[in-house]
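My notebook is open, and I want to look a few things up in this structure. I'll jot down each thing as I find it.

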Amino acid sequence: MPTTTRTAPAPAPPGGPQLSHGLKQRHLSMIALGGVIGAGLFVGSGAGIAAAGPAIILAFTASGLLVMLIMRMLGEMSAAHPASGSFSVHAEREIGPWAGLTAGWMYWVMLCCGVAAEATAAGAIMNSWLPGVPGWAWVGVFMAFFCAGNLTAVKNFGEFEFWFAAIKITAIVAFLVLGVLGVCGVLGGSAPGTANLTGHGGFLPNGTGGLVTGLLASVFAYGGLETVTIAAAESDDPRRNVANAVRTAVWRIAVFYIGSMALVVTLVPWNSPDVVKLGPYVTVLQLLHVPGAAVVMKAVVLIALLSAMNANIYGSSRMAFSLVARGQGPKALAKVSGGVPRPAVLASCAFGFAAVLAGYWWPDTVFTWLMNTTGVAILVVWLFIGAAQLRMRRRLEHEAPELLTVRMWGFPYLTWLAIAAVVAILGLMTTTAGDREQLYAAGVLVAALSAVGYWRQRPATRA
């Protein structure tokens, strides 16, 4: 088989128009920076702190290092071959069509379910401010607004995310500055020193079990950064832009996540009920006597939820478009008009809204099952990224080394280390009941998608 058939871009729908290239470098940079700053960090991290105590710093450091390796691998592949399907396209090229189908559709389901969860949470915040309007009405407004926004030119998505990300980054930077002033004793009274790090049961108060729980919570808080490599395919210079975005995001992960967690557990006792009840950021700001802290952080959380909704609708629609363009789904979703895959956008929004309704009608059955199936989807995707990068790197070094503008560090040792780390995390999930349920539910979905992929792949293999 000629080399070009292996390295060519994923095919577009026959005779159909292409996606537009309306995203700029500034859009991608802010998507890369703001994509990982979500409600999971502002609120959900409280559960991780309650489980791991001050050792949450170690949990976020370990998972942050893993995410840096994953993004470096994905950046290497996406800079060499930009594609709207990102890791799904790479997995299909390097492993087989079944792998592309499995990784792509699993990620699509995960993003659509994320839209449902984020819309529901955003509706609840709005209802707390305006009790006269029910939460479900706000959900409908948000879904309609962002669906309409994603049906227009991609530059509109980029502008939304640019300003959403700017607000989130501003909030994080402001928190870091105030937190440092608090640690130094300038705000909130005397400097806390190491009292909260070593007191209240010590640095590791709940033992390794608590650390494992905190590690799992921190891993899932990082999900969503992959969207930047999907968006890169619609930028004006995909190879250069994705390389810059990945390089920018890697080191700032450490600052935003690890830095803020270190400040929280230094300033506040890890076992304070407010850490979970109000969220760690609100708890710290109230300790520092910042006026209106609760209202300000609730507004920031709302922005984070809406940003995640917007990004998930975008990412899921582009993933669906890429899959069907490669013959891995219903052809109707491959239609493009005005540079936008509008049927794919509508399908993604429809699935997300159906998940919202499931949350209202069957919260303990259908909705719980949906959320469980996507609970470890990101880990499965990371495994496919690692396996695909191993194969692509070795091939490109011989066939087209000039395409390796972004290189994975310490290849292949760090690639294997990342794969081993993901497998270890999956193994740790078998140790707790709730995580086991997610693992088994996701295993069923992976098995089903893989079986469909193998079945669809067989005729092509024989040919």
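First, a cut-off I need: a residue counts as buried under 20% relative accessible area, as exposed over 50%, and as partly exposed in between. I tried it on Glu 399, which has a relative accessible area of 33% and is therefore partly exposed. Note to self: this is a predicted model.

**Entry: salt bridges**

I looked up how many salt bridges there are, and the count comes to six.

I stayed with Glu 399 to begin with. Its side chain meets that of Arg 395 in a salt bridge, at 3.3 Å from N to O. Both residues sit in helix H18, and because they are four residues apart, about one helical turn separates them. That fits something I learned about helices: an α-helix has 3.6 residues a turn, so residues three or four places apart point the same way.

Which other side chain does Arg 395 meet in a salt bridge with a distance of 2.3 Å, N to O? I found Glu 94 there. Glu 94 lies in helix H5 and Arg 395 in helix H18 (residues 377-399), so this pair ties together parts that are 301 residues apart in sequence. I checked the accessibility of both partners. Glu 94 is buried, with a relative accessible area of 3%, and Arg 395 is buried too, at 6%.

Helix H5 (residues 87-94) came up again with Glu 92. I saw the side chain of Glu 92 meet that of Arg 326 in a salt bridge, 2.4 Å from N to O. Arg 326 is in the loop between helix H15 (293-325) and helix H16 (342-361), and the pair links distant parts of the chain, 234 residues apart. Here the two partners get separate labels from me: Arg 326 counts as buried at 12% relative accessibility, while Glu 92 counts as partly exposed at 22%.

I also noted a network of salt bridges that links Glu 76, Arg 393 and Glu 397.

**Entry: cysteines**

Next I wanted to know how many disulfides a search of the whole structure finds. The search finds zero. Cys 113 is in no disulfide, and the nearest cysteine sulfur, in Cys 112, is 7.0 Å away. I also noted that Cys 113 is buried, with a relative accessible area of 1%.

Why do Cys 147 and Cys 349 not form a bond? Their sulfurs are 3.3 Å apart, which is too far for a bond, because a disulfide needs the two sulfur atoms within 2.5 Å. Cys 147 counts as buried, at 12% relative accessibility.

**Entry: a nonpolar patch**

I went over the surface and found a nonpolar patch of about 610 Å². Trp 136, Tyr 360, Trp 361, Trp 362 and Val 366 make it. I picked Trp 136 for a second look: it lies in helix H7 (residues 135-151). Is Trp 136 buried or exposed? At 57% relative accessibility, Trp 136 counts as exposed.

**Entry: helices H10 and H15**

I looked up the span of helix H10 (residues 207-221), which has 15 residues. From its first C-alpha to its last it reaches 22 Å, close to the 21 Å expected at 1.5 Å a residue. I listed some of its buried residues too, among them Gly 210, Val 212, Leu 215 and Val 219.

In helix H15 I stopped at Ser 322. Ser 322 is buried, with a relative accessible area of 3%. Leaving aside residues up to four places away in sequence, I found that Ser 322 touches Ser 84, Gly 85 and Val 89.

**Entry: backbone oddments**

Ser 86 has a positive phi of about 45° although it is not a glycine. I located Ser 86 in the loop between helix H4 (56-80) and H5, and it is buried, at 1% relative accessible area.

His 200 isn't a glycine either, yet it has a positive phi of about 55°. His 200 is in the loop between helix H9 (195-198) and H10. At 39% relative accessibility, I put His 200 down as partly exposed.

Last thing I looked up: the peptide bond from Phe 411 to Pro 412 is cis, with omega near 0°. Pro 412 lies in the loop between H18 and helix H19 (413-429).

Notes
Residues are numbered from 1 along each chain as its sequence is written. This is a predicted model: local features need pLDDT of at least 70, side-chain atom pairs count only at pLDDT 80 or more; totals for chains, interfaces and linings use all residues. Side-chain values use heavy atoms; hydrogens and water are left out. Buried means under 20% relative accessible area, exposed over 50%, partly exposed in between (1.4 Å probe, protein chains only). Patches are made of residues with over 30% relative accessible area and no salt bridge: like charges are joined within 9 Å, nonpolar side chains (Val, Leu, Ile, Met, Phe, Trp, Tyr) within 5 Å. Accessible areas come from the Shrake-Rupley method with a 1.4 Å probe; for residues, only the protein chains shown count as cover. A salt bridge is a side-chain nitrogen of Lys or Arg within 4 Å of a carboxyl oxygen of Asp or Glu. Helices (H or I, at least four residues) and strands (E, at least two) are DSSP runs, numbered from the N terminus. Contact means heavy atoms within 4.5 Å. The expected span of a helix is 1.5 Å times one less than its number of residues.
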